[in-house]
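Subject: Structure for you to look at

Hello,

Here is the structure I said I would pass on. Please open it and follow along with the notes below it.

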Amino acid sequence: MQKSFLIALAIAILGAVALSQFATSLPAYIAFVAGVIITSLVFKLVPETNQAQGSEEQYAGPTMTLYVGNLPYRVHEGEVKVLFGEFGPVNSVRLVRDRKTGRRKGFGFVEMSEAGAQKAMVKLNDFNFQERTLKVREAKTQDSEAAERTGTDE
């Protein structure tokens, strides 16, 4: 069940009890329905202050993509986003998975603000995270990797 539904149900029941105490001639089921209506009005009128909504906005300034190695296999994108979010706005987290098994490979990429990325590289490289020592570097583009392999300078 959703947390907001349980909260709404609890408020409706409390509202029904309160209404039945003050209006003793009112049947209990009518007091409950009135509590449900009042609760639904409160939920409609009060704006949501959900942190997830605010964090979905993309950072528009200069960004940098970081390579994050030696991640625990059990870690999720949200946990990595929270960790790097301490240093600046995070646009995306991509944890690499094995194509055949779907299991995480222990590394990924974090796209975040350039200033935050610089701070995160300094603070989180060799940082102990869930019993693993992270390796954080600036991610290389596929073009630069191809140039390194062939020995050409593009």
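The buried residues of helix α5 pack against four elements: β1 (63–69), α4 (77–85), β3 and β6 (135–138). Please keep in mind that this is a predicted model.

Helix α5 covers residues 114–124, and its buried residues are G116, A117, A120, M121 and L124. Looking down the axis of α5, you will find these buried residues within an arc of 140°, so they line one face of the helix. The face turned away from that buried side carries exposed residues, namely A115, V122 and K123. Just after α5 comes D126, which has a positive phi of about 65°.

Strand β3, one of the elements that α5 packs against, spans residues 104–113 and includes R104. Is R104 buried or exposed? The relative accessible area of R104 is 14%, and buried means under 20%, so R104 counts as buried.

What does the side chain of R104 reach? One partner is the backbone oxygen of V75, at 3.1 Å. The R104 side chain also makes a polar contact with the side chain of H76, at 3.2 Å. Leaving aside neighbours within four places in sequence, the residues in contact with R104 are Y73, V75, H76, E77, L95, V96 and R97.

To find these places in the viewer, start from R104 in β3, then go on to α5 at residues 114–124.

Regards

Methods. Residues are numbered from 1 along each chain as its sequence is written. This is a predicted model: local features need pLDDT of at least 70, side-chain atom pairs count only at pLDDT 80 or more; totals for chains, interfaces and linings use all residues. Side-chain values use heavy atoms; hydrogens and water are left out. Helices (H or I, at least four residues) and strands (E, at least two) are DSSP runs, numbered from the N terminus. Buried means under 20% relative accessible area, exposed over 50%, partly exposed in between (1.4 Å probe, protein chains only). A polar contact is a pair of N or O atoms within 3.5 Å; within protein, one must be able to donate a hydrogen and the other to accept it, and residues adjacent in sequence count only if both atoms are side-chain atoms. Contact means heavy atoms within 4.5 Å. The arc is that of the directions from the helix axis to the C-beta atoms.
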